[in-house]
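Colleague: I am new to this one and would like to learn how to read it. Could you show it to me and take me through its features one at a time?

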Amino acid sequence: MFRNVYIVGLMIFAVIITAFFITNIFFRDMEYYRTSIKMNAFFIPIVMGIGAFLSVTSYSRWKKVLTFREAYGRAFIPMFVGGLLSMAVIFAYISFDKDTKDLLNYQYIESYRQTLEEEYSNAKQVIKPETEEMEELERKYAEGKMRIAEKVTKNEDMFTAKYFMYVFAGYNAYFLLLSLFFGSFFRTRLSERPENLS
């Protein structure tokens, strides 16, 4: 089963989509946006890595001798397939479910606002009043508030196709690096190949 890269890709997709809908149903609260970000940053890369590992190891046990290219492809293809399908389905769902999109956009703005306020209050405790640094802090804080107000006024959508393309591009960079690692690690070295052992 793990020797077929497309089946492994579909398994990765199934795990990610299941986690997405569990989060969407059971963790749809005031921390929904932050929970989604944590899932994207930690859970999804781990699932991708496990899928790639299973794909490469099962194939290497079956074939015994593996070139760099084979190991690289065995790692990259399942992650790419799983990632592409996951992003497409999540984007379609968020695009058609207006409540989810509105909630995520609202919580994104609130998260941005909260981060700005925390950074400002923390810096204010350290920086001496009536200094150039304090003026710079106040200026950046005012600019930050203006940016937030602009986003609210424009009713800016942070979950567009462009945003998802950026996220998927980031994942692709991760897929390439991880595949390079698996390709280097699992390839059969020339000295280990059967024709060179005799």
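Modeller: Gladly! Let us begin with a term: two residues are in contact when heavy atoms of theirs lie within 4.5 Å. Keep in mind, too, that this is a predicted model.

Colleague: Let me try that term out. Which residues is Lys151 in contact with, leaving aside its neighbours within four places in sequence?

Modeller: With those neighbours set aside, the contacts of Lys151 are Tyr108, Ile109, Tyr112, Glu156 and Met158. Lys151 itself belongs to helix 5, which covers residues 132–154.

Colleague: And is Lys151 buried or exposed?

Modeller: Here a cut-off helps: buried means under 20% relative accessible area, and exposed means over 50%. Lys151 has a relative accessible area of 15%, so it counts as buried.

Colleague: What would a residue between those two cut-offs look like?

Modeller: Try Leu85 in helix 3. Its relative accessibility is 32%, so Leu85 counts as partly exposed. Beyond its neighbours within four places in sequence, Leu85 is in contact with Leu10 and Phe13. Phe13 is one of the buried residues of helix 1.

Colleague: Let us stay with helix 1, then. How far apart are its end C-alpha atoms, and what span should we expect?

Modeller: Helix 1 runs over residues 5–26, and at 1.5 Å a residue its 22 residues should span 32 Å. The end C-alpha atoms are 31 Å apart, which agrees.

Colleague: What do the buried residues of helix 1 pack against?

Modeller: They pack against helix 2 (32–63), helix 3 (68–96) and helix 4 (98–126). Among these buried residues are Val5, Val8, Gly9, Ile12, Ile16 and Phe20. Look at the start of helix 1 as well: a side-chain oxygen of Asn4 comes to within 2.9 Å of the backbone nitrogen of Tyr6.

Colleague: Now for the surface. Which residues make the nonpolar surface patch?

Modeller: Phe42, Ile46, Ile50, Phe53 and Leu54 make a nonpolar patch of about 500 Å². Take Phe53 as an example: it is found in helix 2, and it counts as partly exposed because its relative accessibility is 40%.

Colleague: How should I read distance along the chain against distance in space?

Modeller: Compare two pairs. Glu117 and Tyr141 are 24 residues apart along the chain, with their C-alpha atoms separated by 8.2 Å. Glu117 is in helix 4 and is partly exposed, at 32% relative accessible area. For the other pair, Leu85 and Leu66, the chain separation is 19 residues and the C-alpha atoms are 28 Å apart.

Colleague: Next, charged side chains. What is the general idea?

Modeller: Side chains of opposite charge can pair when their charged atoms come close. This structure holds nine salt bridges. In one of them, Arg34 pairs with Glu31, and the closest N and O atoms are 4.0 Å apart. Both partners are partly exposed, Arg34 with a relative accessible area of 30% and Glu31 with 39%.

Colleague: Do helices have a rule that helps with such pairs?

Modeller: An α-helix has 3.6 residues a turn, so residues three or four places apart point the same way. In helix 5, Glu136 and Lys140 are four residues apart, which means about one helical turn separates them. These two form a salt bridge with closest N and O atoms 3.6 Å apart. Glu143 also forms a salt bridge with Arg139, this time with 2.8 Å between the closest N and O atoms. Glu143 and Arg139 are likewise four residues apart in helix 5, so they too are separated by about one helical turn. Salt bridges that share partners join Glu136, Arg139, Lys140 and Glu143 into one network.

Colleague: One last feature: where do Glu130 and Asn155 lie, and what is phi for each of them?

Modeller: Glu130 sits in the loop between helix 4 and helix 5, with a phi near 55 degrees, a positive value in a residue other than glycine. Asn155 is in the loop between helix 5 and helix 6 (161–186), and its phi is also positive, about 55 degrees, although it is not a glycine. Glu130 is exposed at 80% relative accessible area, and Asn155 is exposed at 67%.

Key. Residues numbered from 1 in each chain as written. Predicted model: local features only at pLDDT ≥ 70, side-chain atom pairs only at ≥ 80, totals over all residues. Heavy atoms only, no water. Helix = DSSP H or I, 4+ residues; strand = E, 2+ residues; numbered from the N terminus. Expected span 1.5 Å × (residues − 1). Buried < 20%, exposed > 50% of the residue type's maximum accessible area, 1.4 Å probe, protein only. Polar contact = N/O pair within 3.5 Å; in protein donor to acceptor, adjacent residues only side chain to side chain. Patch = residues over 30% accessible without salt bridge, like charges linked within 9 Å, V, L, I, M, F, W, Y side chains within 5 Å. Areas by Shrake-Rupley, 256 points an atom, 1.4 Å probe, with all protein chains shown as cover. Salt bridge = Lys/Arg side-chain N within 4 Å of Asp/Glu carboxyl O.
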